[in-house]
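Let's take a walk through this one, from the overall fold down to a single side chain. Keep the model open as you read.

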Amino acid sequence: MNAKEFSYGILRAIAILLGVFLLLFFLYKIQSVIIYIAIAAVISLIGRPAVIFLRDKFRIPNKISVVIVLLLVVGIFIGLIAIFIPIVVEQSKHLGQIDMDAFTRDLNELNNQINNYLGVEEINIIEGIKQTEFLRTFDISTIPRYLNNFFGIIGAGFIGIFAVIFISFFLLKDSKLMLNSILVFANKGHEDKFQRVFNKIKILLSRYFVGLTLQIAVLFVLYSILLSIFEVNNPIAIAFICAFLNIIPYLGPIFAGILISLFVISSNLGADFQTIILPQLSFVMAGYIVCQLIDNFINQPLIFGASVRSHPLEIFLIILIAGLVFGIMGMVIAVPLYTALKVIAKESLSEYKIVKRLTRDL
């Protein structure tokens, strides 16, 4: 290799690294757009079966079917807002009317009752809160900045909602739009392989997200019934939040259980711990465990087994690894991403024994 070829190789390597850096920087700058497209893609995967059903079963034109499905999605979103906003307004009014002295006495009384019941050394909750780093370093002058950030988030949220609905409309209207966009990266003669991979991934992920939606809906109904029976405040809102937390595998149900426990205690603040709070908390948590058993032994096998066609142990290990490497967000996207990679591996690396083993059910 002469000096000219060596210099050319170095310059080429630098150019490639610079190109990769610029690409990553560009993707970082447009991450909001990527998120909008990803959310719209999920909506299209969930809504596509409904569009096909309306189009084939009731002979409704494709565009009108898409509009109906999107209106349904928007209606669900507006319904959730209609549920949560009155609750937030009501709680804001209550916050302004709270007798802090009485609240402090109730909280300390609850603390004393729990300590006496468990036989542990007394711990002053109020003093513990006062000693937290947040309260000791809190600067009231930062409130305007937080308000500006809050309204900025609200504005960005409206833009995001419009963008997601707009993108979802075209993805639902033209099922080949995303496929055609991906095919531009395929080498000439490999278009059929790309199309097979894309269609397989779309079918599996559509089943997965539809199943996940049904799982959340079933848990929402079960939690709503449970919390309403025991007269916990705002049962619908709490049930939806706890059901939605189940999109985080394994950790979500733990967070939901803690949240339900806190709301049960707060709904009975000022009551006797041993005779009122503890029995109600025990009954609610027993009901919550029953809901989780229904989810684990009925819902999840149908979703993870039939939809993505992977062994439960395989799914558990993938979620665990994704959580350790990428945190909670990794756990959320682990299953759909792993499913897509399996389909790609089956088409491209089928000669390897481990790939054949992992993709034998696809």
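What follows starts with the whole chain, moves to its nonpolar cores and ends at one serine.

**The chain as a whole**

First off, this is a predicted model, so what does its confidence look like? The mean pLDDT of the protein chain is 79, and 76% of the residues reach 70 or more. Among the elements, helix α10 has the highest mean pLDDT and helix α5 (residues 125-130) the lowest. Here are those two ends of the range.

| Element | Rank in mean pLDDT | Mean pLDDT |
|---|---|---|
| α10 | highest | 89 |
| α5 (residues 125-130) | lowest | 54 |

Where pLDDT is low, the predicted coordinates should not be read in detail. That's worth keeping in mind when you scroll past α5, with its mean of 54.

As for the fold, the secondary structure comes to 14 helices and zero strands, so reading along the sequence you just meet one α after another. The chain has 362 residues, and 29% of them are buried. If you take contacts between residues at least 6 apart in sequence, 62% of them join residues at least 24 apart. On the outside, the chain exposes about 23700 Å², with carbon and sulfur atoms supplying 72% of that area.

**The nonpolar cores**

Which residues have the most contacts inside the largest nonpolar core? They are Y223, L227 and I260, in a core of 17 residues. Four helices give two or more residues each to this core: α9 (191-229), α10 (235-244), α11 (251-267) and α12 (273-307). Of these, α9 gives the most, with five residues.

L227 is a good place to zoom in. Leaving aside residues up to four places away in sequence, L227 touches V232, P235, I238, A239, I260 and V284. I260 turns up again here, as it is one of the residues with the most contacts inside the core.

Apart from this core lies another one, made of 16 residues. Its members include F209, A322, V335 and V343.

**A serine in α3**

Now for S65, which sits in helix α3 (residues 62-97). Is S65 buried or exposed? It's buried, because its relative accessible area is 0%, and the cut-off for buried is under 20%.

What does S65 touch? Not counting residues up to four places away in sequence, the partners of S65 are V51, L54, R55 and I60. With I60 there's a polar detail too: the side chain of S65 reaches the backbone oxygen of I60 at 3.3 Å.

Definitions and conventions. Residues numbered from 1 in each chain as written. Predicted model: local features only at pLDDT ≥ 70, side-chain atom pairs only at ≥ 80, totals over all residues. Heavy atoms only, no water. Core = buried A, V, L, I, M, F, W, Y, C linked by side-chain atoms within 4.5 Å. Buried < 20%, exposed > 50% of the residue type's maximum accessible area, 1.4 Å probe, protein only. Contact = heavy atoms within 4.5 Å. pLDDT = per-residue confidence, 0-100. Areas by Shrake-Rupley, 256 points an atom, 1.4 Å probe, with all protein chains shown as cover. Polar contact = N/O pair within 3.5 Å; in protein donor to acceptor, adjacent residues only side chain to side chain.
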